[in-house]
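Thanks for making time. I have one structure to go through today, and I will keep to what can be computed from the atoms.

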Amino acid sequence: MLKKPFNLGKLNLPSNIFCAPLAGCSDFPFRQMTSAYRPGLLFCEMVKIDAVVRYDPHTFRMLDYDRTMHPIGAQLCGSKLSLVGEAAKIVEELGFDVIDLNCGCPVDKVTKDGSGSGLLKKPELIGEMIAEMVASVKIPVTVKIRAGWDDKTINATKITEIAEKAGAQAICIHGRTREQGYSGNANWDWIKECKQVAKEIKVIGNGDLFSAEKVEKMFAYTGCDAVLLSRGTMGQPWILEDVYEKLSGRDLPLRTYKDYKEAFLKHLEHVFLYQTPRKAILDLRRIGCWYLKKGKGVKKLREEINRSRSVEEVRELIHLFPWEEVDFSE
């Protein structure tokens, strides 16, 4: 159920509807879009522990934020116990409100050194890393996991108990295994089981939350304390508003082509002001796919955006396109 406000340890949050760290997606412009709809907690992209402690400039740019984005969290990724406390302290000093440990990223380049989902194979190490982070900072420490490495090694409930003993304020469970990647459906039973074994630790549900209706169903089915919206925010930042309306018992606003067009243009301006011209045009090709994915009759616009050479050209294409002819119904 919707909780406004919502406490995470001593931290008071606006709600229990959170926005996930999305690698390669939830950059500064993306967070400008979602923060306008007041999530309970907003995360930057995950950053590597090693890069944080050596003050890598690119990594610190990934941690850019402005005051309108509070409360905001940073997510650390890595498996080196000796560095995690120092990295957590650096992030705290940057002004973040929450620090999360990533134990869920499934991509090979992350798991090959035991990071991300690779940590699921070492539950005790997860506990040790959380304990080190908790001892190093005053802000809440959380952890994000998958249900297990594969169907034969489901250990989310065990890790929930370990994380609680280590001092984590919350644990987010993605209802898929590492082996699944993003295929198939998320199994919410695993989230429900974690909630049943949790005593004080808050359980955050994650997986297949692409609509306000899905969020309502997850709360009802799992009994989770909060939800983490991930891919569902891509191309529809207003999903947060829809969730608040739905969980408050009000009718959802009807989303039309105007919502998609205006949001795409606003996102474009954020990207234009933040990125280099070259990076901006590359980002807009990807972002365009998000805002157009539900539209029927947008293939030509998508192709023209992919051929564009400047932000100005993309802006003109968006303005000239006959949006009123596009069907955005599900």
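I will take the barrel, then its strands, then two helices, then the salt bridges.

A word on origin before anything else: this is a predicted model.

Start with the overall fold. Eight strands close into a barrel, and going round the order is 3-4-5-6-7-8-9-10, with parallel pairing. From one strand to the next, the twist averages 30°. On the outside of this description there is helix 4, which packs on the sheet and touches strand 5 and strand 6, residues 98-103. The direction of helix 4 makes about 160° with that of strand 5.

Now strand 7, residues 141-146. How many of its six residues are buried? Six of the six are, so strand 7 is largely enclosed by the rest of the structure. Split by face, Val141, Val143 and Ile145 are on one side, and Thr142, Lys144 and Arg146 are on the other. Note that the second face includes a lysine and an arginine, and both count as buried. The cut-off for that word is under 20% relative accessible area.

Strand 7 has a parallel partner in strand 6, with five bridges between them. In that pairing, leucine 101 is opposite valine 143. Strand 7 also pairs in the parallel sense with strand 8, again over five bridges, and there threonine 142 stands opposite alanine 170. The connection from strand 7 to strand 8 goes through helix 7, and the three make a right-handed β-α-β unit.

Moving round the barrel, strand 8, residues 170-174, pairs with strand 9 in parallel over five bridges. Cysteine 172 is opposite isoleucine 204 of strand 9. Isoleucine 204 in turn stands opposite alanine 226 in strand 10. Strand 9, residues 202-206, and strand 10 run parallel and are joined by two bridges. Here too there is a right-handed β-α-β unit, made by strand 9, helix 9 at residues 212-222, and strand 10.

Strand 10, residues 226-229, is covered on both faces. Ala226 and Leu228 are buried on one side, Val227 and Leu229 on the other. What is strand 10 joined to by three bridges? The partner is strand 3, residues 17-19, and the two run parallel. Isoleucine 17 has valine 227 as its bridge partner.

Next, helix 6, residues 123-136. Its 14 residues should span 20 Å at 1.5 Å a residue, and the end C-alpha atoms are 20 Å apart, which agrees. The buried residues in helix 6 are Pro123, Leu125, Ile126, Gly127, Met129, Ile130 and Met133. What do they pack against? The list is helix 2, strand 5, helix 4, strand 6, strand 7 and helix 7.

Helix 8, residues 188-197, contains tryptophan 190. Tryptophan 190 has a relative accessible area of 14%, so it is buried. Its contacts, leaving out residues up to four places away in sequence, are Ala147, Asp151, Ile154, Gly175, Arg176, Thr177 and Gln180. Asparagine 155 is 35 residues from tryptophan 190 in sequence, and the C-alpha to C-alpha distance is 9.3 Å.

Last, the salt bridges. The count comes to 14, and I will show three.

One is aspartate 50 with lysine 80, where the closest N and O atoms are 2.7 Å apart. Aspartate 50 lies in helix 2 and lysine 80 in the loop between strand 5 and helix 4, so the pair ties together parts that are 30 residues apart in sequence. Both ends are partly exposed: aspartate 50 at 24% relative accessibility, lysine 80 at 43%.

Another is glutamate 92 with lysine 89, at 3.3 Å between the closest N and O atoms. Both are in helix 4, three residues apart, which puts about one helical turn between them. Is glutamate 92 buried or exposed? At 14% relative accessibility it counts as buried, while lysine 89 is partly exposed at 34%.

The remaining pair is glutamate 241 and arginine 255, with the closest N and O atoms 2.7 Å apart. Glutamate 241 sits in helix 10, and arginine 255 is 14 residues away, in the loop between helix 10 and helix 11. Salt bridges with shared partners join Glu241, Asp242, Arg255 and Asp259 into one network. Glutamate 241 itself is partly exposed, at 33% relative accessibility.

That is the tour.

Terms used:
Residues are numbered from 1 along each chain as its sequence is written. This is a predicted model: local features need pLDDT of at least 70, side-chain atom pairs count only at pLDDT 80 or more; totals for chains, interfaces and linings use all residues. Side-chain values use heavy atoms; hydrogens and water are left out. A salt bridge is a side-chain nitrogen of Lys or Arg within 4 Å of a carboxyl oxygen of Asp or Glu. Helices (H or I, at least four residues) and strands (E, at least two) are DSSP runs, numbered from the N terminus. Buried means under 20% relative accessible area, exposed over 50%, partly exposed in between (1.4 Å probe, protein chains only). Two strands pair if DSSP finds at least two bridges between them. A crossover is right-handed if, with the strands pointing away from the viewer, the path from the first strand over the helix to the second runs clockwise. Axes are lines fitted to C-alpha atoms, for helices over the stretch in contact, and angles run from 0 to 180 degrees between N-to-C directions. Contact means heavy atoms within 4.5 Å. The expected span of a helix is 1.5 Å times one less than its number of residues.
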